[in-house]
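Please examine the structure shown below alongside its sequence. The paragraphs that follow lead through several of its regions in turn.

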Amino acid sequence: MADTRPDKLIYLDHAATTSVDPRVLGAMLPYFGQSYGNASSMHTLGQEAKRALDEAREKVGRALNCRLSEVVFTSGGTESDNAALKGVAQALRETGDHIITTSIEHHAVLHTCQYLESVGFQVTYLPVDRYGVVSPEDVARAVTNRTVLVSVMLANNEIGAIEPVAEIAQQVKQVAKSQGRTIIVHTDAVQGAGYLDLDAKALGVDLMSLSAHKFHGPKGVGILYIKRGTPFIPQNLGGGQERERRSGTEDIPGIVGCALALELRQAERERLAQHCRRLRDRLVAGIQERIPGAHLNGHPTQRLPNNVNFSFEHVEGEPVLLGLDMKGIAASSGSACSSGSLEPSHVLLALGQPAELARGSLRLTLGKDNTEDEVEYVLDTLAELLGRLRAMPSLSTTSH
């Protein structure tokens, strides 16, 4: 292939973050300037901010099919996950100390569960199948008479596997009813926004976490849906904002942007999913056709429409990412560079993948602005790059 670089960056890392939609930015700008009031203030400027906050909550309520009082604005997905797990665990500690989650959750959930273990809770980390999907029956069987909380993500951030959250919630609630106890179900839905239905009632969950920058909103803003009646101890104390569930002066520009971004993405969801699915399937087919030793990670069909994740034999992820970046392609890997060595993804290891193969993973996540021409360029570049790297012994991994 010709040694050329595209005129503009080919961005295939939408699972990491997205650009702010121009319509969202336009809606936010007034609240950085002339409408800068504090929503807790009684004067006119403060009440302008309060109206914007109320309107944003209405948008989110419609998108999630929930009561406005069930919407809590946070600083992002990490805070929403932390607040959900800690808030419920602490509220129900007198009735039980057991939590169920999966081995492939985002670190915002896994590290919070590890913290809760350090203060006396018991956590069951359920395995997943080779596609990264947890069985609802396994979740139900893991429930004990001490279980208070179940947390299963809606879709995995690395491999795009869509989890059967509605079925899990239904089975867990049935067990809870038979025991005459309360068991709360939480889902980290950060990766699902814009691609999956976020109807809280249909999902049957009590808590749901979202992060605005994953669906073309601003960074630093998130949502925590808390179903009415859910036992919850707030983690932020202070002025009593968000009905005393998350104190702190509201980020009005961010909240306005978050709500509009969610409204836009949900309205355009079917069209976006169709667009991304077409490009995703071309990427998958092209990689499988042109690159030997390529292993698709995640479920072949039960996956996010924009997610492509492969592990490549005899190569590590870091030089692949650097090589793609030099060709104008932004992507990511399941590996994290730590202390000079590549650590294999905990998600890929949970699928039963050997560590050596997991170190050669590549995640390509598509978005609304990607094109078929970009996909063809990526396929050409990746095939050439993998061939070149595999011919360099110093960059290849040991045989699998």
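Leaving aside its neighbours within four places in sequence, which residues is Thr18 in contact with? In this predicted model, the residues in contact with Thr18 are His213, Lys214, Phe215, His216, Gly217 and Lys219. Thr18 itself lies in the loop between strand S1, residues 10–11, and helix H1. With a relative accessible area of 7%, Thr18 counts as buried, because the limit for that class is under 20%. Two polar approaches involve its side chain: the side chain of Thr18 reaches the backbone oxygen of His213 at 2.7 Å, and a polar atom of that side chain lies 2.7 Å from the backbone nitrogen of His216.

The loop that holds Thr18 leads to helix H1, which covers residues 22–28 and includes Leu25. Is Leu25 buried or partly exposed? Its relative accessibility is 41%, and Leu25 therefore counts as partly exposed. Leu25 also belongs to a nonpolar patch on the surface, which it forms with Val20, Leu29 and Phe32. Together, these four residues have about 370 Å² of accessible area.

The next region to consider is strand S3, which is the place of Ile100. Ile100 is buried, because its relative accessible area is 0%. Not counting residues up to four places away in sequence, Ile100 touches Thr124, Leu126, Val139, Ala142, Val143, Thr147, Leu149, Val150 and Ser151. One of these, Ala142, is 42 residues from Ile100 along the chain, yet the C-alpha atoms of the two are separated by 7.3 Å.

Strand S3 is also among the elements against which the buried residues of helix H4 pack. Helix H4 consists of twelve residues, 107–118. What span should these residues have at 1.5 Å a residue? The expected span is 16 Å, and the end C-alpha atoms of H4 are 16 Å apart, so the two values agree.

Within H4, the buried residues are Ala108, Val109, Leu110, Thr112, Cys113 and Leu116. Besides strand S3 (98–102), their packing partners include two helices, H3 (77–91) and H11 (346–350). The strands S4 (122–126), S5 (147–151) and S6 (184–188) also pack against the buried residues of H4. Just after this helix, Gly120 takes a positive phi of about 110°.

Conventions:
Residues numbered from 1 in each chain as written. Predicted model: local features only at pLDDT ≥ 70, side-chain atom pairs only at ≥ 80, totals over all residues. Heavy atoms only, no water. Helix = DSSP H or I, 4+ residues; strand = E, 2+ residues; numbered from the N terminus. Expected span 1.5 Å × (residues − 1). Buried < 20%, exposed > 50% of the residue type's maximum accessible area, 1.4 Å probe, protein only. Contact = heavy atoms within 4.5 Å. Patch = residues over 30% accessible without salt bridge, like charges linked within 9 Å, V, L, I, M, F, W, Y side chains within 5 Å. Areas by Shrake-Rupley, 256 points an atom, 1.4 Å probe, with all protein chains shown as cover. Salt bridge = Lys/Arg side-chain N within 4 Å of Asp/Glu carboxyl O. Polar contact = N/O pair within 3.5 Å; in protein donor to acceptor, adjacent residues only side chain to side chain.
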